Amino acid sequence: MATSNDEFPIIDISDLDLSSGRSSSQRRVADEVTRACREWGFLLVKNHPIPAEDIEEMFALSREFFQLPEEVKERYPITKRSIGYVGSFKDRGKDDKMSMWFGGVPGALSSSESHDSVPEFWHQHVAKVEAFKHRCHDLVVGLLECFALALGLPDPKFFADAHREDAGNGNSLRMLMYPARARHDERPNDHRKDTDEEGSRMQAHTDSGSVTLLFQRAPGLEVLSPDGETWARAPHVPGCILINVGDALGFWSGGQLKATRHRVTFEGLPPDKERQSMAYFGAANPDTVLQPIVACGEKKKKMDTYYSNGFELVPGITVGELNRMIMQGIYGAAFESSSSKKQEDNKTLEAERGQATTAVV
Ligand SMILES: O=C(O)CCC(=O)C(=O)O
Ligand SMILES: [Fe+2]
């Protein structure tokens with residue numbers, strides 16, 4: 001049972017601009033954002049730099065796309081470039097949601113290699129999607145600079161410099177649609193037996209990258225509270241973006257920044273209610289080697305067994321390996337790689353270890 005939580009951090013980031021030199025107000029933003037990520041791993045930001053009309057335009061296009069017949073969308077299943085469609089009940093979590101992924105470096109969506117992976121509907125809109133991704137990336141970089149500043153790292157660009165927009169496929173925009181269904185169709189019987197969590201519209205999971213920006217058009221998301229036991233309803237505040245930390249950054253920060261589990265349930269979002277969201281996953285360059293930056297005393301033990309989506313993270317793992325492992329675990333063969341044997345060895349499902357965490361990105 002999720003409760004609403006008045007303490008959920010909402011932070012004004014109008015003074016985020018780190019390019020114009022450091023000031024006390026920037027320092028304040030950095031401290032507040034980082035405090036929220038230490039405690040909750042989540043926060044809402046207001047007065048952010050992404051124009052409201054761009055967000056609305058993306059939501060409108062996304063809605064139009066998801067309303068296309070299933071057989072049209074299904075012609076473009078997700079590829080190893082993280083571009084393509086995943087229908088309801090089709091991923092590892094067998095969840096209700098549909099998603100459309102736009103992965104890749106700038107220009108990837110209009111490149112000839114990706115042309116056939118991008119549904120025809122999007123061909124005339126890819127420039128807008130690319131521009132939106134670019135704005136998201138800039139915000140992620142600003143937040144990463146906040147973390148380095150507030151954590152007292154000697155180089156304030158320590159994290160940010162490892163997040164080039166033109167490196168790898170990890171910087172993805174994922175559009176999501178939780179369709180409104182007639183009550184009697186709450187959950188088709190065929191799929192009910194496949195779910196671990198009764199009533200899930202999106203299974204509880206952590207994100208695997210560095211920083212996620214989540215745009216929501218309706219309430220429904222639940223976030224594990226700092227007590228680690230209670231699910232809190234993430235507020236839906238028009239104009240705000242929800243920010244959360246992913247496992248790669250959580251691990252890299254030595255556990256100082258928290259990658260928190262979140263989910264969407266039928267209880268929080270009844271089947272006859274539609275929810276649209278968009279997640280921008282900011283990821284570090286694939287060759288980034290994840291070495292936890294601090295030995296964090298009593299947390300050290302926890303760091304020895306740090307999991308992302310059921311896979312154990314070991315110091316020295318690269319972001320590319322982590323991303324491949326997770327996407328392959330969820331979407332299968334499209335993400336096969338030559339080092340899949342090694343990945344198999346590393347693969348340790350938490351379920352097998354008797355841990356309750358389930359995860360699906
Ligand atoms: O729809 C939502 O708000 C959740 C999206 C999410 O958590 C994800 O895509 O990782
Ligand atoms: Fe997520």
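Strands, as the word is used here, are DSSP runs of E that span at least two residues and are numbered from the N terminus. The structure above is a predicted model, and in it strand 6, strand 8 (211-216), strand 12 (262-265) and strand 13 each supply at least two residues of the shell around ligand 1. That shell consists of 12 residues, among which Leu176, Asp207, Leu221, Ser277 and Ala279 are the closest to the ligand. Sorted by class, the residues around ligand 1 comprise seven nonpolar, three polar and two charged ones.

From the ligand one can step back to the protein as a whole, which is built from 10 helices and 15 strands. Of its 361 residues, 45% count as buried. If one considers the contacts with a separation of 6 or more, 77% of them join residues that are 24 or more positions apart.

The interior comes next. The largest nonpolar core has 86 residues, and those with the most contacts inside it are Leu43, Leu143, Leu144, Phe147, Leu213, Ile243 and Ala248. Helix 5 (residues 126-150) gives the largest share of this core, namely 13 residues. Helix 5 itself has 25 residues and reaches 36 Å from its first C-alpha to its last, close to the 36 Å expected at 1.5 Å a residue. Leucine 144, one of the residues with the most contacts inside the core, touches Phe159, Ala160, His163, Ser210 and Val211 when residues up to four places away in sequence are not counted. Just after helix 5, the backbone at glycine 152 takes a positive phi of about 75 degrees.

Helix 2 (residues 52-66) offers a view of how buried and exposed positions are arranged. With 15 residues, helix 2 reaches 21 Å from its first C-alpha to its last, close to the 21 Å expected at 1.5 Å a residue. Met58, Ser62 and Phe66 are buried in this helix. Seen down the axis of helix 2, the buried residues fall within an arc of 65 degrees, and they therefore line one face of the helix. The face turned away from that buried side carries Ala52, Glu53, Glu56, Ala60 and Glu64, which are exposed.

What do the buried residues of helix 2 pack against? Their partners are strand 5 (98-102), helix 5, strand 6 (172-178) and strand 13 (275-282). This brings the path back to its starting point, since strand 6 and strand 13 each also supply at least two residues of the shell around ligand 1.

Note on methods:
Residues numbered from 1 in each chain as written. Chains lettered and ligands numbered in written order. Predicted model: local features only at pLDDT ≥ 70, side-chain atom pairs only at ≥ 80, totals over all residues. Core = buried A, V, L, I, M, F, W, Y, C linked by C-beta atoms within 7 Å. Buried ≥ 20, exposed ≤ 12 C-beta atoms within 10 Å, placed from the backbone. Helix = DSSP H or I, 4+ residues; strand = E, 2+ residues; numbered from the N terminus. Contact = placed C-beta atoms within 7 Å. Expected span 1.5 Å × (residues − 1). Arc of directions from axis to C-beta. Near = placed C-beta within 6 Å. Nonpolar A, V, L, I, M, F, W, Y, C, P; charged D, E, K, R; others polar.
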